[in-house]
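Reader: Could you take me through one part of this model in close detail? I work with computed geometries, so please keep the numbers in.

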Amino acid sequence: MNATPDHPELDQLSADVAGLLGGIGLDPADGWPARRHRIDIRFAASAARHPGRVAARDAEGQATYLELEWLADDIARRLSGRSGPGGAVAVRVLRSCEAAAAVVGVLRAGAAVLPLEPGHNAGLQEFLMRDAGAGMVVSDSGLLRDEIPVAKAGRFVIAVRPQAVVRREIAPQAAFLALPQGGAPGRAAAVRPVSHLDVLSWVDGCVPVLGVGPQDVWSCFHSLSLDLGMREMWGPLLSGGCAVMVDRDTAGEAGGFARLLAERRVTVLTQLPSAFARLAAAARPGSLPALRHVLLADEPVDARVVDGWRSAGIAPRAVVRDVSGAATVL
């Protein structure tokens, strides 16, 4: 998808989105939507404010907010009547500029998202889908055996799983089902619901503190199957910024990731401390002048790595924070 910010027809398209928001009780001119407790509602408001702005980029292209909104709405319509409140839909997507549309589409249909990494073992994916009671799949990276395609929306195939699925009632406030941490698939703990509020509280805690907005470029480094991956995408997309989607190969090679951060002039970097240590070892002094914020989360932070990063002058403007708790400056 390509951005078309100079086309006059976007004014009408923006008006169309504003009308849609009005129909569900939102005013896109408000600073924050009244119903701010759902990710999909908040994203619709963001798309109405910034329709022609580039929302996400990957190695092959880009997508505007309005393009993602349209695609999400298409996915939601095609899921209607097949999945909804109380259910889960597996989302098996690449880390592309359109990945957010698949997530928003499922949420808009009222279901919770079970994120699956395309590279995960098929047996593990099957186990997780059974555990979550997911009877539907949204995929841009192929289908597993017995998954039957029933619809298509853009690059995404929507499929049903015909085998008997144990119905698991998902709480309506759940946005994601977090994957188990480690262990063999057959002995892993059950997937854990993560609410809309859990995700939005992280965003609302970070965005005002950082003073970020539409001018900012965020990296989206982690798989959606990780808690941090579930959260980091919404920092840019709910504040009008641009999300740079980092593909799996680049994420696995610290030198390549450092080059991507420089080329895309990323201003906000979110990292697990272990991944940050690899980046700090690979990046050259002064190579990331645009970077303003480094957000570390979900693992203990090694102060020696932070000190080494700072003394090397890799990103002279960047403030490093531990955002696992109260966004502590390191």
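Author: Happy to: what follows is a close look at helix 2 and its two helix partners, with some context on the chain and a visit to one residue elsewhere.

Please keep in mind that this is a predicted model. The protein chain has 12 helices and 15 strands. Of its 330 residues, 55% are buried. Among the contacts with a separation of 6 or more, 69% are between residues 24 or more positions apart. The chain's accessible surface is about 13,700 Å², and carbon and sulfur atoms contribute 53% of that.

Now to the helix itself. Two packed helices are described by the angle between their axes and the distance between the axes. Let's start with helix 3: helix 2 (residues 39-49) packs against helix 3 (residues 65-79) at an angle of about 140°, and the two axes are 8 Å apart. That angle makes helix 2 oblique to helix 3, since the roughly antiparallel class takes only angles over 145 degrees. The crossing of this pair is left-handed. On the helix 2 side, the contact is formed by Phe-43, Ala-44, Ser-46 and Ala-47, while helix 3 brings Tyr-65, Leu-68 and Glu-69. Sorted by class, the residues of this contact are five nonpolar, one polar and one charged.

The other partner is helix 4 (residues 99-108), which packs with helix 2 at an angle of about 120°, again with axes 8 Å apart. These two helices are therefore oblique to each other, as the roughly perpendicular class ends at 115 degrees. Here, too, the crossing is left-handed. Helix 2 uses Ile-39, Asp-40, Phe-43 and Ala-44 to meet Val-104, Leu-107 and Arg-108 of helix 4. This contact holds five nonpolar residues, no polar ones and two charged ones. Phe-43 and Ala-44 appear in both contacts, facing helix 3 in one list and helix 4 in the other.

For a view at the level of a single residue, try Leu-228, which sits in helix 7 (residues 227-232). Its relative accessibility is 1%, so Leu-228 counts as buried, the cut-off being under 20%. Leaving out residues up to four places away in sequence, Leu-228 touches Trp-202, His-222, Thr-270, Gln-271, Leu-272, Ala-297 and Asp-298. One of these, Thr-270, lies 42 residues from Leu-228 along the chain, and the C-alpha atoms of the two are 8.4 Å apart.

Technical notes. Residues numbered from 1 in each chain as written. Predicted model: local features only at pLDDT ≥ 70, side-chain atom pairs only at ≥ 80, totals over all residues. Heavy atoms only, no water. Axes fitted to C-alpha atoms, helices over the stretch in contact; angles between N-to-C directions. Helix = DSSP H or I, 4+ residues; strand = E, 2+ residues; numbered from the N terminus. Parallel < 35°, antiparallel > 145°, perpendicular 65-115°, else oblique. Left-handed = near helix turned anticlockwise from the far one by under 90°. Contact = heavy atoms within 4.5 Å. Nonpolar A, V, L, I, M, F, W, Y, C, P; charged D, E, K, R; others polar. Buried < 20%, exposed > 50% of the residue type's maximum accessible area, 1.4 Å probe, protein only. Areas by Shrake-Rupley, 256 points an atom, 1.4 Å probe, with all protein chains shown as cover.
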